[in-house]
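Subject: Structure for you to look over

Hello,

Here is the structure you asked for, followed by my notes on what I found in it. Please read them with the structure open.

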Amino acid sequence: MALSRPSTDRRTSPPRHGRRTLGFIGFLAAAALTLSACGGAASGQGTVDDLKDQALADDVPAGTVLNIADQQEQQQVALKSSGELDDFSFEYEFSNFVGGPEILEAFRAGAVDVARVGDTPPIQAFASGEVVPIILALQSSPDVIRLATSPSTDVDSISKIKGAKIGYAEGTAQGSLVLRLLDKAGLSTDDVELVRLELGEFSEALQSDEIDIAPLTGARLARYLQGYEKEGAGYLPDKETAGLGTGLNFIYARKEVLEDPAKSAALREFVAHSIRANQWINENTDDWVEDYFVKNQGLTEEEGRFIREQEGTTVFPKLDDVIATEQSTIDLSYDSGELPVDVDANDMFDRRFNDVIEDTVDEVGAHQDRKELDE
């Protein structure tokens, strides 16, 4: 089993409310993560029912630490650029991961406490017996993920995907989008060749024509088009793929962390800071493009603006309002045979965080429903 070792670069910031650390989990934690990944079987869905009567504390005790899983350093930069990181009253450590499946293994190893992922990793976690309740929903444009095409493929329409080789990352939002694509085309997984890859491998497989199409988003999509559009690369027409995605991202945490009064108080604060940071992104496109896409991700300003345009404005729904959408993703995955057990979305959300979500949304003038953006 290959070991993916997180970066060991460490930086510290001056103390404000106790020591704060910005860095990455070291090799030892990664080794524990890998050992955990090599064993264990699905044990059925757990429950969050016993959390509902435990009130979230307002104050975070000194010395409380949150280990935060990140992807492509998106959360770190957002919190830092918006100024929210300076207002954390708890200590913190960030670890960078490739995708949801790797974060799930880190949860299992107890190496991280909280993470932001797409709409599918929490489903896979509950299906495998890990209780990692969702504490915040963020929703961008449902069409942010594009189905990129390889330079030489003749698959340029949904009508041509039968028999195609499709990049597929199980347990990811991109994987669920592929299942929705097949459902829309009236096909099953037997009608195509699902090439199981990691998210980071999609671009290379596309550019070498090993696969016909794969779901790409953000910096990966921008870099792929920049490098191979002149050779014939592109993506399936927007008019054909509109509505395949949900636009949902979730912040979820280990149940053990939510049961800890100190850490659950820190998570309550983290949710509020995350909403503020993402609303800052909504309102400060120029600064975000420069700080994240250009300086951190190495993209051009034009590419950064392309990504922001695809993402659109992020809203922060009440947790109860996304349960039906999450259940539809569960049903699709289960019916297609890609989920080992059925999952009840009602048991995946820690509704204790609804109050802080609504209060913070009102405070910063954000929205909870994408329909409000058109009014």
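Of the 375 residues in this protein, 54% count as buried. Please keep in mind that the model is predicted. It has 14 helices and 12 strands. The accessible surface is about 15,900 Å², and carbon and sulfur atoms hold 44% of that area. As for contacts between residues with a separation of 6 or more, 80% of them join residues 24 or more positions apart.

Salt bridges

The structure holds 19 salt bridges. As general background, side chains of opposite charge can pair when their charged atoms come close. A few of the bridges are described here.

E363 pairs with R276, with 3.1 Å between the closest N and O atoms. E363 belongs to helix 14 (residues 354-364) and R276 to helix 10 (residues 261-283), so this bridge ties together parts that are 87 residues apart in sequence. The two ends differ in cover: E363 is exposed because its relative accessibility is 52%, over the 50% cut-off. R276, at 23%, counts as partly exposed.

R305 takes part in two of the bridges I looked at. One is with D286, at 2.4 Å from N to O. This pair links distant parts of the chain, since R305 is in helix 12 (residues 301-311) and D286 is in helix 11 (residues 285-296), 19 residues apart. The other is with E301, where the closest N and O atoms are 3.1 Å apart. E301 and R305 both sit in helix 12, with their positions 4 residues apart, or about one turn of the helix. R305 is partly exposed, with a relative accessible area of 33%, and E301 is also partly exposed, at 46%. Elsewhere, D113, R254, E256 and K263 are joined into one network by salt bridges that share partners.

Helix 11 also contains E290. E290 is partly exposed, with a relative accessible area of 34%. Its C-alpha atom is 7.9 Å from that of G304, a residue 14 positions away along the chain.

A negative patch

Which residues form the negative surface patch? They are E198, E201, E204, D209 and E210. E201 is in the loop between strand 9 (193-196) and helix 6 (202-207). With a relative accessibility of 38%, E201 counts as partly exposed. That value also clears the cut-off for a patch, because patch residues must have over 30% relative accessible area.

Two buried residues

L177 is in helix 5 (residues 173-185). Is L177 buried or exposed? It is buried, because its relative accessibility is 2% and the cut-off is under 20%. Setting aside neighbours within four places in sequence, L177 is in contact with I145, L147, P215, L244 and G245. In the case of G245, the C-alpha atoms of the two residues are 5.8 Å apart, although 68 residues separate them in sequence.

S141 is in a loop, the one between strand 6 (134-139) and strand 7 (146-149). S141 is nevertheless buried, with a relative accessible area of 13%. Beyond residues up to four places away in sequence, S141 touches G247, Q310, E311 and R370.

Backbone points to check

Most residues other than glycine have a negative phi. Where does Q72 stand on this count, given that Q72 is a residue other than glycine? Its phi is positive, near 55 degrees. E73 likewise has a positive value, with phi near 60 degrees. Q72 is found in the loop between strand 3 (65-71) and helix 2 (74-81), and E73 is placed in the loop between strand 3 and helix 2. Q72 is partly exposed, at a relative accessible area of 26%.

Regards

Key. Residues numbered from 1 in each chain as written. Predicted model: local features only at pLDDT ≥ 70, side-chain atom pairs only at ≥ 80, totals over all residues. Heavy atoms only, no water. Patch = residues over 30% accessible without salt bridge, like charges linked within 9 Å, V, L, I, M, F, W, Y side chains within 5 Å. Areas by Shrake-Rupley, 256 points an atom, 1.4 Å probe, with all protein chains shown as cover. Salt bridge = Lys/Arg side-chain N within 4 Å of Asp/Glu carboxyl O. Lys, Arg positive; Asp, Glu negative; His and termini not counted. Charge placed at Lys NZ, Arg CZ, Asp CG, Glu CD. Helix = DSSP H or I, 4+ residues; strand = E, 2+ residues; numbered from the N terminus. Buried < 20%, exposed > 50% of the residue type's maximum accessible area, 1.4 Å probe, protein only. Contact = heavy atoms within 4.5 Å.
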